[in-house]
Amino acid sequence: MAKKRPQTKAQRPQLTEGEIPVVGAREPCPCGSGRRYKACHGRAAAHAVTELVQRPFEGVPGEGDWVALRELVPAATVELPLKDGLPEGVPSVTLATVLPMAWPALRRDDGSVLLGLQNDTPSGDISRDLADTLLRALAAEPGTPVQARRAPADGPRMQDLLDPEGTFEPVVHSGFEFWVPDPENATPEVAASLERANAAAIPTVKLTGVDAAYWCETPEKNHLRWVMPYPEEQLLDALARLHAAGRSSLGEGTRLVGSFRAHGLTVPVWDLPSGVSAEDVEKPAAEFADRLAAALASEEPLTTDERRARGGLTNRQVTLS
């Protein structure tokens, strides 16, 4: 009988940190260490996925509008000024609430870039994920979408890429025709996605007299959703003072009903009668902003009625993110 040859283990090629792919948690780590992925390089990956940045848009121009476009506004676009200017061959960079087929980003045929905001992100830092997607879109071939991936843990954030002196001026659209230069000649897949998106879009208008406030129309009643930059506890105290004094409404038939909590900011919500338009609420919103500023400046302890009002507002607070 032939002798059995001694079995030797092949030497795994050693990979650099940037080459190590994501595999199943119980599979051998691709780095060649012999340990399971979850006990080796998967530790850093798991940490990156679960570590949540509470205010991912803090420090960028228009933080409140970033939150609104991420969570509240169906169809809107914003031109993004980059810190180092636009690369050659890229005429513009535009942030969009949603892109067709939920693409993270799209490099158009003319070289311009659309960056989607309302996408699932693989880590706990939306800003880092968006920056990674944007950089890959700037380098993509014209006419191609950019797929999602896990951003490098040490990669830049949007705060590193955007011009800190630039403006952030959302344009709210009634539909998603901004997806394509010529909607009538869109591919069947894009046309179908466009039709579905338009059917689901809630009519929305951005107020002009105050920052980051959005009126929207629903079948039963209208609403005003106002993203505010103040610390949550201070804002809730101020809202409670106004609510207890009967000064928290935006006019006859309107009512402060609660708030959302989204990306580290608080978003008070008012119910409005169905006949109240965005234009109708402009002046009352500006007057409320003045009342709120005075309430925010108060250092007096809350009264019994104000504490009761605060408890009611807190109980009606919903966390979106």
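A residue is called buried when its relative accessible area is under 20%, exposed when that area is over 50%, and partly exposed in between (1.4 Å probe, protein chains only). The model is predicted, so local features need pLDDT of at least 70 and side-chain atom pairs count only at pLDDT 80 or more, while totals for chains, interfaces and linings use all residues. Residues are numbered from 1 along each chain as its sequence is written, and side-chain values use heavy atoms, with hydrogens and water left out.

**Exercise 1.** Determine which residues of helix α2 are buried.

*Solution.* Helices (H or I, at least four residues) and strands (E, at least two) are DSSP runs, numbered from the N terminus. Helix α2 spans residues 63–71. Its buried residues are Glu63, Gly64, Asp65, Trp66, Val67, Ala68, Leu69 and Arg70. Because 8 of the 9 residues are buried, the helix is largely enclosed by the rest of the structure.

**Exercise 2.** Classify the ring pair of phenylalanine 57 and tryptophan 66.

*Solution.* Rings of Phe, Tyr and Trp (its six-membered ring) pair if their centres lie within 6.5 Å; planes under 30 degrees apart count as stacked, over 60 as edge-to-face and the rest as tilted. The count by this rule is 7 aromatic pairs. For phenylalanine 57 and tryptophan 66, the centres are 5.2 Å apart and the planes make 25 degrees, and the pair is stacked. Phenylalanine 57 has 2% relative accessibility and therefore counts as buried; tryptophan 66, at 1%, counts as buried too. Together with Phe168, Phe57 and Trp66 form one aromatic cluster.

**Exercise 3.** Describe the order and edges of the open sheet of 6 strands.

*Solution.* Two strands pair if DSSP finds at least two bridges between them. The order is β7-β8-β9-β11-β10-β12, with mixed pairing. The edges are β7 (204–206) and β12 (317–319); each has a single partner strand, so one side of each lacks a neighbour in the sheet. From one strand to the next, the twist averages 25 degrees, with axes fitted to C-alpha atoms (for helices over the stretch in contact) and angles running from 0 to 180 degrees between N-to-C directions. Within the sheet, β9 (residues 222–226) pairs with β11 (residues 265–272) in the antiparallel sense over 4 bridges. Arginine 225 has valine 269 in β11 as its bridge partner.

**Exercise 4.** Classify the ring pair of tryptophan 226 and phenylalanine 288.

*Solution.* The centres lie 5.9 Å apart with the planes at 55 degrees, so the pair is tilted. Tryptophan 226 belongs to β9 and phenylalanine 288 to helix α7, so the pair ties together parts 62 residues apart in sequence. Both tryptophan 226 and phenylalanine 288 are buried.
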